[in-house]
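Welcome, and thanks for taking a look at this one with me. Below are some numbered points to read alongside the structure.

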Amino acid sequence: MNSPDFDQQMMQRCLQLARQALGQTSPNPLVGSVIVQNGEIVGEGFHPKAGEPHAEIFALRQAQERAKGATVYVSLEPCNHYGRTPPCTDALIAAGVSKVVVGMVDPNPLVSGKGVEKLQESGIEVVVGVEESACRQLNEAFIHRILHHQPLGILKYAMTLDGKIAATTGHSAWITGTASRQLVHQVRAACDAVIVGGNTLRKDNPNLTTHEVAGVNPLRVVMSKTLDLPSEANLWQTDIASTLVITERTRNSKLQAQLRNRGVEVIELASVTPSGVMQLLYERGLSSVLWECGGTLAAQAIADGVIQKIMAFIAPKIIGGTIAPCPIGDLGLEKMTQALALQRVTLQQIDGDILIEGYL
Ligand SMILES: Nc1nc(O)c(N)c(N[C@@H]2O[C@H](COP(=O)(O)O)[C@@H](O)[C@H]2O)n1
Ligand SMILES: [Zn+2]
């Protein structure tokens, strides 16, 4: 029997393997698996992409006949259904494994406990809940998507100590230091899409890529009702990352044609709202969306209920200015008792800046 410490170590290895596919598995989860025979790792795998085999299958392929009588560690309950791929429970049973250690039960109603049951009915010992909170944290977007039928919305902003996201002139580069900006690139790499509004595009001309961080670029989404956008912008360079512009019907058809010629996808909706855009992204299979917009759109997104997580970078600087923009516009709240209080708040220092994260 393996010790609890050993089980935790193996589950941490599963999570490390799973992270290799960060930003690439949606609508599927990030999953890693390790197979141990006589205290030795004989197989490892992770789920690389929806449509490809699950983590357990890659680990079984590597272990081959050494899987017989072995212990399988997997960060998410093995599936017991036919989706894009056949059930992993059948493969584990066929391989003759004797024990399965699971990080967390799959929230997917098609699985949710049935995978564990099937393994137990076949005489396999099952342990559930090793490193559970780390497993849940890694798949917070998948869990949100499955339970709420919407991508997880993360609002990220950087502000000065006096709560400004730019000077009175609109100038904003750079509020935070290099380490914070690198962390933002990592967050982008883990998300499926990044959203800005037309104002941010016009003022900042952002790239919204992961820059030097290894990993895929997210889909870059621009919300613009009027399509009053420049004909030249970094986001129109679609060789580095894809761009999707969402606008209202019959707006600026000349620019629409120009953008399409440059490989930018343009979609017209009857009405461009944060919830409508998130619905569209959900239907496209996205699990996590990072909102990097200005205050007006951020307030609309919060009011529309599409933001669940806040990442606020605070730089120890003061810019002043009564009309300098702040990260969140008018929410129509009149009393401090109505303020939205974040839950599960964490705080970390990133070089000279502070990052406060929490959930609405
Ligand atoms: N345990 C486990 N390992 C993986 O590697 C996985 N990708 C999953 N995913 C679960 O199965 C559903 C997707 O099934 P298909 O890829 O379409 O066959 C997904 O929603 C999860 O519930 N589980
Ligand atoms: Zn599976």
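1. A word on terms first: a polar contact is a pair of N or O atoms within 3.5 Å. With that in hand, look at His54, where an N or O atom of the side chain is 2.8 Å from an oxygen atom of ligand 1. Please keep in mind throughout that this is a predicted model.

2. Two further residues make contacts of this kind with ligand 1. The side chain of Asn28 has an N or O atom 2.9 Å from an oxygen atom of the ligand. For Arg84 the backbone takes part, with an N or O atom 2.7 Å from an oxygen atom of ligand 1. How much of the accessible area of ligand 1 does the protein cover? Taken on its own, ligand 1 has 510 Å² of accessible area, and the protein covers 96% of that.

3. Now the wider surroundings of ligand 1. There are 18 residues around the ligand, and those that come nearest are His54, Glu56, Arg84, Thr85 and Asp106. By character, the shell divides into seven nonpolar, seven polar and four charged residues.

4. His54 also appears at the metal. Which protein atoms are donors of the zinc ion, ligand 2? They are ND1 of His54, SG of Cys79 and SG of Cys88, and they lie 2.0 to 2.2 Å from the zinc ion. Along the sequence, the donor residues follow the spacing H-x24-C-x8-C.

5. Is His54 buried or exposed? The cut-off for buried is under 20% relative accessible area, and His54 has 17%, so His54 is buried. Its place is the loop between strand S2 (40-46) and helix H2 (55-63). Cys79 and Cys88 are both buried too.

6. The UniProt record adds its own label here: in an unreviewed entry, the annotation "binding site" covers His54, Cys79 and Cys88. These residues span 35 residues in sequence, yet no two of their C-alpha atoms are more than 8.9 Å apart, so they gather at one spot.

7. The same unreviewed UniProt entry type also gives a domain feature, "CMP/dCMP-type deaminase", at residues 5-127. Over that stretch the chain is 32% helix and 20% strand. The C-alpha atoms at the two ends of the stretch are 14 Å apart.

8. Some backbone geometry deserves a second look. As background, most peptide bonds are trans, and most residues other than glycine have a negative phi. Here, Ser26 and Pro27 are joined by a cis peptide bond with omega of about 5°. Pro27 sits in the loop between helix H1 (4-18) and strand S1 (32-37). A cis bond also runs from Ala173 to Trp174, with omega near -15°. Trp174 belongs to the loop between strand S6 (152-160) and helix H7 (178-190).

9. Which way does phi point, positive or negative, at Glu131? Glu131 is not a glycine, yet its phi is positive, at about 55°. You will find Glu131 in the loop between strand S5 (125-128) and helix H5 (132-138). Arg344, likewise not a glycine, has a positive phi of about 45°. Arg344 is in strand S13 (residues 343-350). The cut-off for exposed is over 50% relative accessible area; Arg344 has 59% and is therefore exposed.

10. Thr160 is part of strand S6. With a relative accessibility of 6%, Thr160 counts as buried. Its side chain is joined to that of Asp162 by a polar contact of 2.5 Å.

11. Ala312 is another residue within a strand, in this case S12 (residues 309-315). Its relative accessibility is 7%, so Ala312 counts as buried. From Ala312 to Ser275 the C-alpha distance is 22 Å, with the two positions 37 residues apart in sequence numbering.

12. Last, a residue in a helix: Asn261 is found in H9 (residues 253-261). Is Asn261 buried or exposed? Its relative accessible area is 70%, so Asn261 is exposed. Asn261 and Cys14 are 247 residues apart along the chain, and their C-alpha atoms are separated by 43 Å.

Notes
Residues are numbered from 1 along each chain as its sequence is written. Chains are lettered from A and ligands numbered from 1 in the order in which they are written. This is a predicted model: local features need pLDDT of at least 70, side-chain atom pairs count only at pLDDT 80 or more; totals for chains, interfaces and linings use all residues. Side-chain values use heavy atoms; hydrogens and water are left out. UniProt positions are given in the numbering used here, feature names are shortened, and annotations may be inferred rather than shown by experiment. Helices (H or I, at least four residues) and strands (E, at least two) are DSSP runs, numbered from the N terminus. A residue is near a molecule or strand if one of its heavy atoms lies within 4 Å of it. A polar contact is a pair of N or O atoms within 3.5 Å; within protein, one must be able to donate a hydrogen and the other to accept it, and residues adjacent in sequence count only if both atoms are side-chain atoms. Accessible areas come from the Shrake-Rupley method with a 1.4 Å probe; for residues, only the protein chains shown count as cover. Ala, Val, Leu, Ile, Met, Phe, Trp, Tyr, Cys and Pro count as nonpolar, Asp, Glu, Lys and Arg as charged, and the others, Gly among them, as polar. Donors are N, O and S atoms within 2.8 Å of the metal (3.2 Å for Na, K and Ca); water is not among the atoms, so sites may look incomplete. Buried means under 20% relative accessible area, exposed over 50%, partly exposed in between (1.4 Å probe, protein chains only).
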